[in-house]
Amino acid sequence: MTTLTAADLPLTDFEQVLTTTRAVRKRLDFERPVDRQDVVDCLDLALQAPTGGGAEDWRWLVIEDADVRERLGGIYRRAFEEHVAAPLAQADHPSTRGRLRDRDDAKTAKMLEGARHLAHNIHRAPYLVLPCATRPNPAEDPTAGGVVAAVYGSIFPAVWSFQLGLRSRGLGSLITTLHLHYADEAAALLGIPTGTTQCCLLPVAHTLGLDFRAAPRRGQDEVVFWDHWRTND
Ligand SMILES: Cc1cc2nc3c(=O)[nH]c(=O)nc-3n(C[C@H](O)[C@H](O)[C@H](O)COP(=O)(O)O)c2cc1C
């Protein structure tokens, strides 16, 4: 793969952008400022994404104030320590994340190392972006089964557009959801009204280098079925 330089930006090869947009943790450049206009332009791209019924029932909270980033980062870090690090250190912890302990392959270990690095540095990203749905959290309404897909499905296409826009400009990000363990605290910090669902939190920073690659993924033979569900084993 050719090594990209700043002269190659913006990346215009659609397939390259789609296949090399990674979850960036250790290669976020926390020292280099991000041009606010780049964030604005990527939000413009994001807002072109579809929403259920064309409702555009979203709000995008962009946090650049260092003090607020520090406090939100603290919430994220605590969520990582309590919901990832502590269960991992405890052999028989019942949580789902505890099961990561058994998946001690190199890929998972690398991801966890990156996740720890991010947890301790996320506040240093020049921008933290928090997309919200202006609908109540469907998880709090047991009768709202069908609404869950509409609430989150009206946010994540835009989130991915935002990330692709960032990638094309030499910026990096990743979807995070850990802080949602303490969503109420984040809501109090940011003035998010009741009845609003925080969907994820995206750090935004320049990337250290531009040479990201397609990720190893399960093959289609394993995860794609044609006409009928197939049991592999
Ligand atoms: C819904 C969702 C929630 C995620 N939450 C977190 C998170 O809280 N913290 C984190 O470090 N990564 C989080 N990730 C990032 C994933 O771990 C990452 O996308 C995955 O490892 C694939 O990365 P890759 O495309 O670079 O291979 C989340 C991703 C998704 C899609």
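**Pockets and ligand**

Biologist: Which helix gives the largest share of the lining of the largest pocket?
Modeller: A pocket is an open set of points on a 1 Å grid over the protein atoms alone, where a 1.4 Å probe fits, with protein on both sides within 12 Å along at least five of seven lines; lining residues have an atom within 4 Å of a point. Helices are DSSP runs (H or I, at least four residues) numbered from the N terminus, and α3 (66-89), α4 and α6 (156-168) each supply at least two lining residues. The largest share, eight residues, comes from α4.

Biologist: What kind of model is this?
Modeller: Residues are numbered from 1 along each chain as its sequence is written, and side-chain values use heavy atoms, leaving out hydrogens and water. Local features need pLDDT of at least 70, side-chain atom pairs count only at pLDDT 80 or more, and totals for chains, interfaces and linings use all residues, as this is a predicted model.

Biologist: Where does the ligand sit?
Modeller: The 35 residues lining the largest pocket include Ala23 and Arg25, which are among those nearest its centre. Ala23 and Arg25 are also among the residues that come nearest the ligand. "Sits" takes more than half of the ligand's atoms within 2 Å of the grid points, and the ligand does sit in the largest pocket.

Biologist: Which residue has a polar side-chain atom 2.9 Å from an oxygen atom of the ligand?
Modeller: Backbone atoms join in elsewhere: one of Ile175 lies 2.9 Å from a ligand nitrogen, and a polar one of Thr177 is 2.9 Å from a ligand oxygen. The polar side-chain atom 2.9 Å from a ligand oxygen belongs to Arg217.

Note on methods. Near = heavy atom within 4 Å. Polar contact = N/O pair within 3.5 Å; in protein donor to acceptor, adjacent residues only side chain to side chain.
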